[in-house]
Amino acid sequence: MAGRLFLRGFSRATLHQLRSSGAGRPLHRAVTTERGIPTDDEQATGLERRALQALKQGKDPYSILKPKSYAGTKEDPHIVPCIGNKRLVGCLCEEDNTAIVWFWLHEGDAQRCPSCGSHYKLVHHELPK
Ligand SMILES: [Zn+2]
């Protein structure tokens, strides 16, 4: 009888202590920080971390974001990033065309597509280190 009372009192006191100290929390709460679930910035590593840091600075070194659209005129040519001094460009001259017009775009002034006349300009792109 005394053993039962002691055991019951001990278990209530122990449960109260565990709850007040936070040790009785579920496992998924115990492994996270006190602020809650870690954000992508806090848990990203390697290439993902470098890409997130670059996006914060307004850069897109891995072309993750949707490319900006250009009018294709002489004043607003299509910008083609390149790590070399020339790049093969495919122009889908009209929206419903089934054939792509391929041509080499060289460094320097904007060039025109031989079929539709849209302007393209090669811009040097530096790869992230
Ligand atoms: Zn074209």
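This passage describes the secondary structure, the zinc site and the annotated lysines of a predicted model.

The chain contains four helices and five strands, and these elements are arranged from the N terminus as α-α-α-α-β-β-β-β-β. Of its 129 residues, 16% count as buried. Among the contacts in the chain with a separation of 6 or more, 33% are made by residues 24 or more positions apart.

Three of the strands form an open sheet with mixed pairing, in which the order is β1-β5-β4. Its edge strands are β1 and β4, the latter comprising residues 111-112, and each of these pairs on one side only. Strands of a sheet in general pair through backbone hydrogen bonds, in either a parallel or an antiparallel sense. Here β1 and β5 run parallel and are joined by five bridges; H78 has Y120 of β5 as its bridge partner, and I79 is likewise bridged to K121 of β5. The pairing of β4 with β5, by contrast, is antiparallel and extends over two bridges, with H119 of β5 serving as the bridge partner of R112. In the hairpin that β4 and β5 form, six residues lie between the strands, and G117 adopts a positive phi near 90°.

The loop between β4 and β5 also holds S118. With a relative accessible area of 18%, S118 falls under the 20% limit and is therefore classed as buried. When neighbours within four places in sequence are left aside, S118 is in contact with G72, H78, Q111, R112 and C113.

A zinc ion is bound in the model by four protein donors, namely the SG atoms of C91, C93, C113 and C116, which lie 2.3 Å from the ion. Along the chain, these donors follow the spacing C-x1-C-x19-C-x2-C. The angles subtended by the four donor atoms around the zinc ion are 107 to 114°, and the arrangement is therefore tetrahedral. For four tetrahedral donors, the ideal angle at a metal is 109.5 degrees. In the UniProt record, an unreviewed entry, the annotation "binding site" covers C91, C93, C113 and C116. Although these residues span 26 residues in sequence, no two of their C-alpha atoms are more than 8.6 Å apart, so they gather at one spot.

The surroundings of the individual cysteines can be described in turn. C91 has a relative accessible area of 3% and is buried, whereas C116, at 35% relative accessibility, counts as partly exposed. C93 is located in the loop between β2, which covers residues 86-91, and β3, which covers residues 101-106. Apart from neighbours within four places in sequence, C93 is in contact with V101, C113, S115 and C116. C116 itself lies in the loop between β4 and β5, and, when residues up to four places away in sequence are not counted, C116 touches C91 and C93.

The unreviewed UniProt entry further places the feature "modified residue: N6-acetyllysine" at K68, K86 and K121. Of these residues, K68 is included in the lining of the largest pocket. K68 is found in the loop that connects α4, residues 46-56, with β1, residues 78-82, and at 62% relative accessibility K68 counts as exposed, because this value is over 50%.

K121, by comparison, belongs to strand β5, which comprises residues 119-124. At 28% relative accessibility, K121 counts as partly exposed. Residues up to four places away in sequence not being counted, K121 touches P77, H78, I79, V80, L105, G108, D109 and A110. Among these contacts is I79, which is also the residue whose bridge partner in β5 is K121. The annotated lysine K121 thus lies in β5, a strand placed between β1 and β4 in the order of the sheet.

Notes: Residues numbered from 1 in each chain as written. Predicted model: local features only at pLDDT ≥ 70, side-chain atom pairs only at ≥ 80, totals over all residues. Heavy atoms only, no water. UniProt positions renumbered as here; feature names shortened; annotations may be inferred. 1 Å grid on protein atoms, 1.4 Å probe; cavity = no way out; pocket = protein on both sides within 12 Å on 5 of 7 lines; lining within 4 Å. Buried < 20%, exposed > 50% of the residue type's maximum accessible area, 1.4 Å probe, protein only. Contact = heavy atoms within 4.5 Å. Pairing = 2+ DSSP bridges. Donors = N, O, S within 2.8 Å, 3.2 Å for Na, K, Ca; no water. Tetrahedral: all angles 85-135°; square planar, octahedral: opposite > 155°, others 65-115°.
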